[in-house]
Amino acid sequence: MLFVKSFKGYEDKTAQLDAAVNQWIVSKRVEAVDIKAVLSHEPAGRAGSGDLIYVVLYRAAAPLE
């Protein structure tokens, strides 16, 4: 079966988000089928940086946390 897992980070801290996604894939031993990245900006955001969301499509017997 196919499932989805989302990870949220910041566009200026991609290394941290990459590390979190990679660690999850390795620790859960999932077969990642696809990974999509979406960038979201809040026009008046105080951080001056947008949210970066990675969506991992993975194959497993049941959804994983």
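## A charge over a ring

A charge sits over a ring if NZ of Lys or CZ of Arg is within 6 Å of the ring centre and within 35 degrees of the ring normal. That is the arrangement here for Lys-5, which lies over the face of Phe-7 at 5.6 Å from the ring centre. Phe-7 will come up again below, both among the aromatics and beside the helix.

## The model and its confidence

What you are looking at is a predicted model. The protein chain averages a pLDDT of 89, and 88% of the residues score at least 70. Within the chain, H1 has the highest confidence, at 95, while S2 has the lowest, at a mean of 92. As a general caution, where pLDDT is low, the predicted coordinates should not be read in detail.

## Overall layout

The protein chain has one helix and three strands, and from the N terminus on they run β-α-β-β. Of the 65 residues in the protein chain, 23% are buried.

How do the contacts spread along the sequence? Counting those between residues at least 6 apart, 68% join residues at least 24 apart.

## Helix H1 and its two faces

H1 covers residues 14-28, so to speak the whole helical part of the chain. Its 15 residues reach 21 Å from first C-alpha to last, close to the 21 Å expected at 1.5 Å a residue. Leu-17, Val-21, Trp-24 and Ile-25 are the buried residues to look for in H1. Seen down the helix axis, the buried residues fall within an arc of 95 degrees, so they line one face of H1.

Turn the helix around and you get the other side: the face away from the buried one carries exposed Ala-15, Gln-16, Gln-23 and Val-26. As for what covers the buried residues of H1, the cover includes strands S1 (2-10), S2 (31-40) and S3 (51-59). Just after H1 comes Arg-29, with a positive phi near 55 degrees.

## Leu-17 up close

Leu-17 lies in H1 and counts as buried because its relative accessibility is 5%, where the cut-off for buried is under 20%. Which residues does Leu-17 touch, leaving out those up to four places away in sequence? They are Phe-7, Lys-8, Gly-9, Leu-52 and Tyr-54.

One of these, Phe-7, is ten residues from Leu-17 along the chain, and their C-alpha atoms are separated by 7.4 Å.

## The aromatic cluster

The structure holds three aromatic pairs. One of them joins Phe-3 and Tyr-58: the centres are 5.9 Å apart and the planes sit at 35 degrees, making the pair tilted. Phe-3 is in strand S1 and Tyr-58 in strand S3, so this pair links parts of the chain 55 residues apart. Both partners are buried, Phe-3 with a relative accessible area of 16% and Tyr-58 with 1%.

Tyr-58 also pairs with Trp-24. Here the ring centres are 5.2 Å apart and the planes are at 75 degrees, so the pair is edge-to-face. Trp-24 lies in helix H1 and Tyr-58 in strand S3, so the pair ties together parts that are 34 residues apart in sequence. Trp-24 and Tyr-58 are both buried. Put together, ring pairs link Phe-3, Phe-7, Trp-24 and Tyr-58 into a cluster.

Definitions and conventions
Residues are numbered from 1 along each chain as its sequence is written. This is a predicted model: local features need pLDDT of at least 70, side-chain atom pairs count only at pLDDT 80 or more; totals for chains, interfaces and linings use all residues. Side-chain values use heavy atoms; hydrogens and water are left out. Helices (H or I, at least four residues) and strands (E, at least two) are DSSP runs, numbered from the N terminus. The expected span of a helix is 1.5 Å times one less than its number of residues. Buried means under 20% relative accessible area, exposed over 50%, partly exposed in between (1.4 Å probe, protein chains only). The arc is that of the directions from the helix axis to the C-beta atoms. Contact means heavy atoms within 4.5 Å. pLDDT is the predictor's confidence in each residue, from 0 to 100. Rings of Phe, Tyr and Trp (its six-membered ring) pair if their centres lie within 6.5 Å; planes under 30 degrees apart count as stacked, over 60 as edge-to-face and the rest as tilted.
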